[in-house]
Amino acid sequence: MTNKGSRKIKVDAISRVEGEGALDLHIQDGQIKDLKFRIFEPPRFFEALLRGRDFSEAPDITSRICGICPIAYLLGASQAMEDALGVTVSGPLRDLRRLIYCGEWIESHVLHAAMLHAPDFLGLDDALQIAKANPQLVRKALKLKKIGNDILEVVGGRAVHPVNLKVGGFYKAPTKSRVQDLVEPLKWAIESSRDLALAFGGFEFPDFEYDYTCVSLRHPDEYAIQDGGIISNRGLDIAVSGFPDHFLEEHVAHSNALHGMTKEGAPYLVGPLARYNNNFDQLSKLAKATAKDAGLGKTCINPFQSIVVRMVETLYACEEALRIAKSYEEPDASCVSVSPRSGTGHGCTEAPRGICYHRYSLDGDGLITNATIVPPTAQNQKQIEADLRGVVERNLDMADEKLKWRCEQTIRNYDPCISCATHFLKLSIKRD
Amino acid sequence: MTKPIPWIIGVGNAMRGDDAAAAAVVARLRGDDIEAFVFDGDGAELMEMWRNQCRVILIDAAHSGAPVGTLRRFEANKEVLPSHFFRHSSHQFGVAEAVEMARALDQLPGELIIYAIEGADFTLGAQLSPEVELAVFDTVDHIKADIGH
């Protein structure tokens, strides 16, 4: 194929991602002239509608931003409110929060990796084709996802948009017997997530690597999920409250979601790869061994291998959930008491797609005067465009249809949640 | 021998214009003391819910280009559902995906009847279109006939 002339490739609605987005690519004389990852999911104005609401309402309101990762919002908002109100949630209540977050990682990671991302590597259009080719794999994935949902239901009251979480803890602690019922399924889930990680590790991955700025939480004692400080592989090590001093958001004309960047204006990466690269040393022995057996090193900078990292994290989440479930005793109280006061609080957790930052200011009655939420997909947008640029540059000779596929696959590496980012895809390629 | 009472599931977002068609059907059935419920989760969950059921009747809004208010009835055990027929989320499995996935995995209920009501306006906060409101009454009558009510 000649490099002369113009090619315009458009993907008008990117499938197998959450929300509505598109990609416009213009190639002229073998060079990328323009590349835009457009998010046209309508803006949702959550931060504005929170103003004037009581502090206690923020977790349930913000959780409606996303049906896939409501825990990221329930806990991020709760944590920020607790920071503003001078309350600490520890002990068994903190364990319960980690348990339900493990459930969210399991259901979200398995849905994306097995049902939405795996078809890309098998040359298939969707998970239905996988089900016809390998029904056992799909049955296993669906059962695994259900176990994640079951954890959400036991701890959170229901699998979609849980209703049992609040500032200070829970409305009602789950009974010991219901949590114990999770133990046997979780033992099966550990084995099954290892099987899926090894199966996905056998895929052929496109040759692409990027020297990412990886940003994630880090906790001194465990692989960070629900709390910790913010670190990067470039030496950043700050408290969550320092997030606005080090990261910025900008509006770009082609996206309804703000683009995140470092204060120097550079793209950065959040999510499974960033966590894995920053916190590999804190994974369990079995998770590390599974990563190695699935072909991963101690760091991973090929974004296409994120599908394997997601399954390693799923395995770890199953192990953590099992550990917590086995030792669970019903707490004396389901929450710590909170009283309204004026102040500003910050919260940040590791949503399945990466860090999700919340900041709220309250008046003396505990009413919200200001709210800021920075979801992971908004933070990853600049990096997604940088990855796309790199992938297209390496594949300029590819036919348009194949290049479209590769670009969509590149975007799906991020499991982007466009609804969250707008608080996502149509692809167009133009060649001149 | 009488047939078992079917699970009646209405799929859709009750606050998104004609996507609320199934919820309206469920509300009318309940008003006549017929057990039915609304489901707004993903198709994978739907598969889990119906896998051990003998009979399931499912109602969903369609977006196929047919005249608004058109009501269609499918017997999923006997026919493949047309793809891109129902409203669906891009991230999750919709009804058609769940049915075809369940078929591939041999997890369809013994009898699965699907009613599809063609919608026109799926805008957040919109009301049901008048044609869809009429189709809701027709759907209720058909379901009553299915269950011998």
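1. How many helices and strands does chain B have? In this predicted model, chain B has four helices and five strands. Read from the N terminus, its elements follow the order β-α-β-α-β-β-α-β-α. The radius of gyration of chain B is 14 Å, close to the 15 Å given by the globule rule for 149 residues, so chain B is as compact as a globular protein of that length. Taken along the principal axes, the C-alpha atoms of chain B fill a box of roughly 40 × 35 × 25 Å.

2. Two further figures describe the interior of chain B. Buried residues account for 47% of the 149 residues in this chain. Among the contacts in chain B with a separation of 6 or more, 76% join residues that are 24 or more positions apart.

3. The strands of chain B form an open sheet of five, in the order β2-β1-β3-β5-β4 and with mixed pairing. Strands β2 (37-39) and β4 (71-75) of chain B lie at the edges, each pairing on one side only. From one strand to the next, the twist averages 25°.

4. Within this sheet, the pairing of β3 (residues 55-62) with β5 (residues 111-118) of chain B merits attention. These two strands are parallel and are joined by eight bridges. At one position of the pairing, B:Leu58 stands opposite B:Ile114, a residue of β5(B). Helix α4 (residues 130-147) of chain B packs on the sheet and touches β1 (7-11), β3, β4 and β5 of chain B. The direction of α4 makes about 165° with that of β5(B).

5. Helix α1 of chain B covers residues 21-31. Which of its residues are buried? They are B:Ala21, B:Ala22, B:Ala23, B:Ala24, B:Val25, B:Val26 and B:Leu29. The elements that cover these buried residues include β1, β2, β3, β5 and α4 of chain B. Strand β3 and strand β5, described above as parallel partners, are thus among the elements covering α1(B).

6. Two aspartates of chain B deserve a check of their backbone. B:Asp33 comes just after α1(B), in the loop between α1 and β2 of chain B. B:Asp33 has a positive phi of about 60° although it is not a glycine. Is B:Asp33 buried or exposed? With 7 C-beta neighbours inside 10 Å, B:Asp33 counts as exposed. B:Asp106 also has a positive phi of about 60° without being a glycine, and it is found in the loop between α3 and β5 of chain B. B:Asp106 is exposed, having 9 other C-beta atoms within 10 Å.

7. Chain A contains 15 helices and 14 strands. For its 432 residues the globule rule gives 22 Å, and the radius of gyration of chain A is close to this at 21 Å, so chain A is as compact as a globular protein of that length. The C-alpha trace of chain A spans about 70 × 50 × 35 Å along its principal axes. Of the 432 residues in chain A, 55% are buried.

8. One hairpin of chain A can be described in detail. Strand β2 (residues 21-28) of chain A has seven of its eight residues buried, so this strand is largely enclosed by the rest of the structure. Strand β3 (residues 31-39) of chain A runs antiparallel to β2(A), and three bridges join the two. A:Gln28 has A:Gln31 in β3(A) as its bridge partner. Two residues lie between the strands of this hairpin, and A:Asp29 in the turn has a positive phi of about 50°.

9. Which elements of chain B supply at least two residues each to the side that touches chain A? The contact as a whole takes 12 residues from chain B and 18 residues from chain A. On the chain B side, α2 (43-50) and α3 (95-104) each supply at least two residues. The residues on that side comprise five nonpolar, three polar and four charged.

10. A final point concerns confidence in chain A. The average pLDDT of chain A is 90, and 91% of the residues score at least 70. Over residues 420-426 of chain A, however, pLDDT stays under 50. For this stretch the model has 49 contacts beyond four places in sequence.

Notes:
Residues are numbered from 1 along each chain as its sequence is written. Chains are lettered from A and ligands numbered from 1 in the order in which they are written. This is a predicted model: local features need pLDDT of at least 70, side-chain atom pairs count only at pLDDT 80 or more; totals for chains, interfaces and linings use all residues. Two strands pair if DSSP finds at least two bridges between them. Axes are lines fitted to C-alpha atoms, for helices over the stretch in contact, and angles run from 0 to 180 degrees between N-to-C directions. Two residues are in contact if their C-beta atoms, placed from the backbone, lie within 7 Å. Ala, Val, Leu, Ile, Met, Phe, Trp, Tyr, Cys and Pro count as nonpolar, Asp, Glu, Lys and Arg as charged, and the others, Gly among them, as polar. pLDDT is the predictor's confidence in each residue, from 0 to 100. The radius of gyration is taken over C-alpha atoms; the globule rule is 2.2 Å times the number of residues to the power 0.38. A residue is buried if 20 or more other C-beta atoms lie within 10 Å of its own, exposed if 12 or fewer, and partly exposed in between; C-beta atoms are placed from the backbone.
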